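Here is a short briefing to keep beside the sequence and the 3D view. It takes the topics one by one, so feel free to follow along in your viewer.

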Amino acid sequence: MSLFLTFLYVFLCNSVSLSSSLSLHFPLTSLRLTTTTNSSSSSLQTSLASRRNPSQSSSSSSPPYNFRSNFKYSMALILSLPIGTPAQTQELVLDTGSQLSWIQCHRKKQKPTTSFDPSLSSSFSNLPCSHPFCKPRIPDFTLPTTCDSNRLCHYSYFYADGTYAEGNLVKEKFTFSKTQTTPPLILGCAAESTDDRGILGMNLGRLSFISQAKISKFSYCIPTRSDRPGFTPTGSFYIGENPISRGFKYVSLLTFPQSQRMPNLDPLAYTVPLQGIRIGQKRLDIPASVFRPDAGGSGQTMVDSGSEFTHLVDVAYDKVRGEIVKRVGPRMKKGYVYGETADMCFDGNNPMEIGRLIGDLVFEFGRGVEILVERQRLLISVGGGVHCVGIGRSSMLGAASNIIGNVHQQNLWVEFDVINKRVGFIKADCSRSLP
C-alpha cells in the first residue's frame, strides 16, 4: 500500500496545430489521494513490477499538438487531462516508469474523485476479446488478460508497492481542444483500484501514452517542496517542443534490443549512463559498472517521475551512507528506517545545518551533464520532525536497479527526447512559469 499526499492544481494547456495556436485554461481544485500508513511515497515503484519486454514502437513522427499544463507537487506528479468527447477531466499520475495508462471508471458514488463516465463520451469503445492485445501471453501486463462475461477484454495491473488496478481495456481520445485530439488510445478503464487517481504511462512501451499518441518529446519542471501549511508549489509539463529546449544538456539513453531478455532489466525505461556520485568535493569510490546493467540486467539506472526517493543498489548505497556517516553519523536517528528503504535520517528542526555538514550531492553523467542537489535541500521532511536524505536501498524494494526519483529532479527541467533517444537537463526555478 502506498502513501499519496498529492494535491491538484490550476493548470494551463497550450494546443498547437500545424497552422495555428490555441491556448486553453483548466481550473482544478486541491484534492488528496488515498492515504495509508507506514509507506514511503505516492507511487514509489509504480512500475517496477509491471515492466516487461513488449515490442517497442515509439513513432518518429511529430505529434499534431503541443500541450502544456501546470501541476502542484507533493510526492507524485499529478496532471489533470481532458479525455473523451466531450472531454471529462481526469486526474493522472505522471509516470515515466510504467506503460499502460488507465483512468478511473468506478461507478460508486462514494469515490472521492470524479470518475470517467463512458456513457457520456461518443468516442469511447470497449476492446473485445478478439483484439490482438487481449491474448493470454501478451507481455505488457503483469497478469494475463481475460474475457469477461460480456466478451470484453479484462486486465489486471499490479505494482511493486502493493497497489493495483483492474477493469476493461478500452479505446478513448485525449481531447486537448475542439480541434486537437489524439487518436483513440488503448487505456485501462479501472473498475477496481487501490488509489483514487489513474496513471499516465510514459515509458517506451508500445502501449504507453507517448507511443500510441506518437509523441516525439515531453518535459516537466518540478518545484522544490514547501513546508508551509496549505501551500503546494506549482510546476509545469509540456508535450512537444519546450521553449527553452536549446538550453538543455543531454545525455544519450542506453537502449536495448527488443529481443534482449534479462531477468532484472527493464528495456522500456529511460536508462541513463550514470558514471558517479560526489558528496561535497569528494567523488565516491564507486565503479561506473555499478550504474549499468550487468549480464542479468542488474544495475540499470533509470529516470522515474513516478518514484519519490532515489534508490541505489547496495554497492552504491553503502558508499553513500558510509560517507555521510563519516560526516554526520553521530546525529543520525538510530534504528529508524523511512519507507522500509531509507535509513539516513535525522531528528530536529535544523536540516540546513546537517546539509551544510554533508555538502552538495551530485549525480555525474559525463561531458558536463550532472544533477546537482544543493546542500540546503539535501534533507527531506518525512513528518514528525524527521528529515531524511532522499535515497533508499533498492534491494529493500526487491529491485536490482538504480532509480533517480522525482525528489532529485526538483528545480530542473527534464526533457525526454524520444526520437533522438536522449534525456536533457537544465537548472531552473520551477515555481516560475515559462514565458
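R321 is partly exposed, with a relative accessibility of 26%. Its place is in helix α2, and this is a predicted model. The side chain of R321 forms a salt bridge with D343, at 3.0 Å from N to O.

**Salt bridges**
- D343 sits in the loop between α2 and β20 (345-346), 22 residues from R321 in the chain.
- Helix α2 (residues 314-328) also holds D314, which pairs with R393 of strand β25 (residues 391-393) across 79 residues.
- In that salt bridge the N to O distance is 3.3 Å; D314 is partly exposed at 34%, whereas R393 is buried at 17%.
- E364 and R278 meet at 2.7 Å, N to O, and link strand β21 (residues 361-366) to strand β16 (residues 276-279), 86 residues apart.
- E364 is buried, at 13% relative accessible area, while R278 is partly exposed at 22%.
- R278, R283, E364 and E370 are joined into one network by salt bridges that share partners.
- The whole structure has 15 salt bridges.

**Annotated active site**
- An unreviewed UniProt entry lists D95 and D304 under "active site".
- These two span 210 residues in sequence, but their C-alpha atoms are no more than 6.9 Å apart, so they gather at one spot.
- D95 lies in strand β5 (residues 88-95) and is buried, at 0% relative accessible area.
- A polar side-chain atom of D95 is 2.9 Å from the backbone nitrogen of G97.
- D304 is in the loop between β18 (301-303) and β19 (310-312) and is buried, at 1%.
- The D304 side chain reaches the backbone nitrogen of G306 at 2.9 Å.

Key. Residues are numbered from 1 along each chain as its sequence is written. This is a predicted model: local features need pLDDT of at least 70, side-chain atom pairs count only at pLDDT 80 or more; totals for chains, interfaces and linings use all residues. Side-chain values use heavy atoms; hydrogens and water are left out. UniProt positions are given in the numbering used here, feature names are shortened, and annotations may be inferred rather than shown by experiment. Helices (H or I, at least four residues) and strands (E, at least two) are DSSP runs, numbered from the N terminus. Buried means under 20% relative accessible area, exposed over 50%, partly exposed in between (1.4 Å probe, protein chains only). A polar contact is a pair of N or O atoms within 3.5 Å; within protein, one must be able to donate a hydrogen and the other to accept it, and residues adjacent in sequence count only if both atoms are side-chain atoms. A salt bridge is a side-chain nitrogen of Lys or Arg within 4 Å of a carboxyl oxygen of Asp or Glu.
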